[in-house]
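Trainee: Could we go through this model together, so that I learn what stands behind the words used to describe it?
Mentor: Gladly; ask about each word as we come to it.

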Amino acid sequence: MALEIDTNDLSPFAQMVELQLAAKGIEYSRRLPDRAFIREGAYGEMNSLRKMPAIILDGAVIPESQVIGELLEELFTESPLLPADPLARARVRLLSRIGDLYFAVPLGQLLHTTLDPEGKATASLAINMVERGARGLEQWLEVGEFAIGDRISVADCMLAPALFTMTETIPNLNAHPLPQLGPKALNYFKAVQRHEHVSQCLERMRASLSARTALLAKQAQ
């Protein structure tokens with residue numbers, strides 16, 4: 001089964017999928033299409049949503065990180081990243097959604113806001129969502145290295161890149177002050193980075209962030 005991914009090393013959505021692939025031991029090849037090609041070029045002919053990540057699986061193109069994540073769990077059942085217990089499985093999915101909708105999405109909006117009134121309103125709504133997400137983590141995270149249980153799950157695959165975006169990407173690329181994470185979330189994020197695949201994922205994001213900030217500094221000269 002040939003699997004490719006169109007990815008971006010700084011995108012929490014793309015890195016969620018790559019982290020899931022690594023944690024499940026799935027072999028894949030990476031493509032790094034540039035932004036202009038995705039937004040304006042012929043990329044729309046294969047992916048009309050023009051969004052990343054997208055996987056190409058035996059010729060079929062599947063975008064949207066949550067959809068991809070569900071598909072990977074259904075196809076590659078030998079290394080499941082969802083618990084067997086239905087209640088624990090629901091909590092994993094809940095934490096994954098919090099990482100997606102309450103961190104990655106609004107933080108992405110913050111990266112695109114400007115100083116005009118509309119931008120300020122968008123930033124205010126985005127920060128409010130992050131505040132709610134931080135409260136959700138304090139309620140539903142377990143204490144330990146992983147979000148739920150004693151092994152990596154799809155919740156960790158979403159939360160780790162999303163929390164990197166909050167704690168490193170936004171402070172380096174955006175002037176908006178962010179809400180503080182609670183003690184449980186801070187301890188979790190520190191602990192989960194000890195996992196081999198999480199560490200590799202975040203180092204990839206950190207290298208991309210460093211390259212981006214260097215480019216912006218050069219352009220500002």
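**Reasoning from values to words**

Mentor: In this predicted model, helix H1 (residues 12-24) and helix H3 pack at an angle of about 10°, with their axes 9 Å apart.

Trainee: Why is H1 called roughly parallel to H3?

Mentor: Angles under 35 degrees count as roughly parallel, and the angle here is about 10°, so H1 is roughly parallel to H3.

Trainee: Which residues of H1 and H3 meet, and what makes up their contact?

Mentor: From H1 come Phe 13, Met 16, Val 17, Gln 20, Leu 21 and Lys 24, and they meet Ser 65, Ile 68, Gly 69, Leu 72 and Glu 73 in H3. The residues of this contact divide into six nonpolar, three polar and two charged.

Trainee: Why is Ser 65 called buried?

Mentor: Buried means under 20% relative accessible area, and Ser 65 has a relative accessible area of 5%, so the word buried applies to Ser 65. This serine belongs to helix H3 (residues 65-75), and, leaving aside its neighbours within four places in sequence, Ser 65 is in contact with Phe 13, Met 16, Val 17 and Pro 53.

Trainee: What makes H4 and H6 roughly parallel to each other?

Mentor: Helix H4 (residues 86-111) and helix H6 (residues 154-173) pack at an angle of about 20°, with their axes 8 Å apart. Set against the limit of under 35 degrees, that angle makes H4 and H6 roughly parallel to each other. Their crossing is left-handed. Among the residues that make the contact are Leu 95, Gly 99, Phe 103 and Leu 107 of H4, together with Met 158, Ala 162, Met 166 and Ile 170 of H6. In the contact of H4 with H6, the residues divide into 16 nonpolar, four polar and one charged.

Trainee: How do you know that Cys 157 has no bond to the sulfur of Cys 201?

Mentor: A disulfide needs a pair of cysteine sulfur atoms within 2.5 Å, whereas the sulfur of Cys 157 is 8.4 Å from the closest cysteine sulfur, in Cys 201, and is therefore too far for a bond. Cys 201 is likewise in no disulfide, and by this rule the count comes to zero disulfides.

Trainee: Are Cys 157 and Cys 201 buried or exposed?

Mentor: With the limit for buried set at under 20%, Cys 157 is buried, because its relative accessible area is 0%. Cys 201 also counts as buried, at 1% relative accessibility.

Technical notes. Residues numbered from 1 in each chain as written. Predicted model: local features only at pLDDT ≥ 70, side-chain atom pairs only at ≥ 80, totals over all residues. Heavy atoms only, no water. Axes fitted to C-alpha atoms, helices over the stretch in contact; angles between N-to-C directions. Helix = DSSP H or I, 4+ residues; strand = E, 2+ residues; numbered from the N terminus. Parallel < 35°, antiparallel > 145°, perpendicular 65-115°, else oblique. Left-handed = near helix turned anticlockwise from the far one by under 90°. Contact = heavy atoms within 4.5 Å. Nonpolar A, V, L, I, M, F, W, Y, C, P; charged D, E, K, R; others polar. Buried < 20%, exposed > 50% of the residue type's maximum accessible area, 1.4 Å probe, protein only.
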